[in-house]
Amino acid sequence: MDRILVTGGAGFIGSNFVLYALERWRDAHVVVLDKLTYAGNLENLQGARDNPRFAFIRGDIADEEVVRRAMDGCDVVINFAAETHVDRSILFPKEFVLTDVVGTFTLLEVARELGASKFVQVSTDEVYGSIDEGAFDEIAALEPSSPYSASKAGGDLLTLAYAKTFDAPALVARSTNNYGPYQYPEKLVPLFITNALDDKPLPVYGDGRQVRDWLHVRDNCEALALLLERGEPGVVYNVAGGCELENVDVTKRILKILGKGEDLITYVKDRPAHDRRYALSCERIKALGWNPQTSFDVGLEETVGWYGEHEDWWRPLKGEAFDEYYRRQYGGR
Ligand code: NAD
Ligand code: TYD
């Protein structure tokens, strides 16, 4: 690994990965290409800024010219860049198709032209859709429910088709819900922590009994690094936290850690087409020696502590425009 292109490296998982990669591969250079949408934040990369092995380029993964400039000289590519929030995809689906499908396509094309030796497409359990019992393995059919998961499925399928048609050394990693530092406070865990810190209501959708499987972002970074090193082209790898919980249970745990009352829980209108349960089996990556290291109890406590200590990071992200967005969608909270 000489020079790694990390697209979407200013977002939540991408920025955690950049910091991790600079430590894991002590001789490697890391180039970040990021459009800096509302979800991208250079503050996330503060720990890398002064590292001579780090470079940042602002640009869109759907812009072939800028992609060519960023990828030139890179031997491996990992694509985190995406529109990622299901609720936003219901309001503004077009950006999801442009970035998650056309952007991924553009990266694959340029990687083929420039001869990258590995391409990891970072994806999600949401492409499989909901499952009542058991768990999806990597050959399960894709049944996405939202414009977000449908766009991600499109990017995944293009990646796999490039591996088949053009022998592209490309593979797909599908993980369960991540949590940890630097997650934008629109997603369940950081939204609820930051609301609870301010004694604001926690808006639980529907009956709150939907199940998600939680994976600490550090564990996902380790899985992705392993796949960059040893993942097989044309193969899908599931990455599961092995910690299934109902949303209301996660909510109560956050309140308990913060010593806040459950009266902050507010049940609101459900998300349309809300998937009931996500669950993955991940024998393939386990066969490579990966296992999640962080228990949810420890990881959540640490994450709550991080948001408590980084108000200067999240407060500017929870301005009026953000609240207005939620008011429009869920009628206020
Ligand atoms: P995020 O929303 O925090 O960050 C996305 C990043 O991509 C931002 O920095 C944004 O500026 C950048 N970006 C968006 N559009 C771009 C474009 N057109 N060109 C260049 N950059 C662009 O997302 P995240 O939670 O860090 O997720 C990263 C990846 O992991 C995504 O592909 C997502 O689908 C996948 N994933 C996330 C989770 C999760 O729980 N967060 C779980 C499984 C998979
Ligand atoms: P989210 O963090 O948006 O991730 P995803 O939808 O990609 O799994 O949501 C996690 C779960 O929490 C999901 O079932 C929706 C639910 N949820 C709420 O109940 N209230 C909220 O305000 C948010 C953002 C999510």
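A polar contact is a pair of N or O atoms within 3.5 Å; within protein, one must be able to donate a hydrogen and the other to accept it, and residues adjacent in sequence count only if both atoms are side-chain atoms. The structure is a predicted model, in which local features need pLDDT of at least 70 and side-chain atom pairs count only at pLDDT 80 or more, while totals for chains, interfaces and linings use all residues. Residues are numbered from 1 along each chain as its sequence is written, chains are lettered from A and ligands numbered from 1 in the order in which they are written, and side-chain values use heavy atoms, with hydrogens and water left out.

Ligand 2 is a good place to start. Polar side-chain atoms of N177 and R212 each lie 2.9 Å from an oxygen atom of this ligand, and for R271 the corresponding distance is 2.5 Å. On its own, ligand 2 has 510 Å² of accessible area (Shrake-Rupley method, 1.4 Å probe), and the protein covers 97% of it. Two elements, α6 (188–197) and β8 (202–205), give two or more residues to the shell; helices (H or I, at least four residues) and strands (E, at least two) are DSSP runs, numbered from the N terminus. Around ligand 2 there are 18 residues with a heavy atom within 4 Å, and E126, P203, Y205, R271 and H274 come nearest.

Turning to ligand 1, 29 residues surround it, with I13, D34, T84, Y148 and K152 coming nearest. A polar backbone atom of I13 is 2.7 Å from an oxygen atom of the ligand, and a polar side-chain atom of K152 also lies 2.7 Å from a ligand oxygen. Taken alone, ligand 1 exposes 840 Å², of which the protein buries 97%. Strand β5 gives the most to this shell, with three residues.

What about the protein's interior? In soluble globular proteins, nonpolar side chains tend to be buried together. A nonpolar core is a set of buried (under 20% relative accessible area, 1.4 Å probe, protein chains only) Ala, Val, Leu, Ile, Met, Phe, Trp, Tyr and Cys residues joined through side-chain atoms within 4.5 Å. The largest one has 53 residues, and I4, V6, F17, V18, I78 and I285 touch the most other members. Helix α7 (residues 217–230) gives the most to this core, with eight residues. Beyond its neighbours within four places in sequence, F17 is in contact (heavy atoms within 4.5 Å) with residues including V6, W25, I78 and L228. A second, separate core of 26 residues includes Y184, L191, I265 and Y307.

Technical notes:
Buried < 20%, exposed > 50% of the residue type's maximum accessible area, 1.4 Å probe, protein only.
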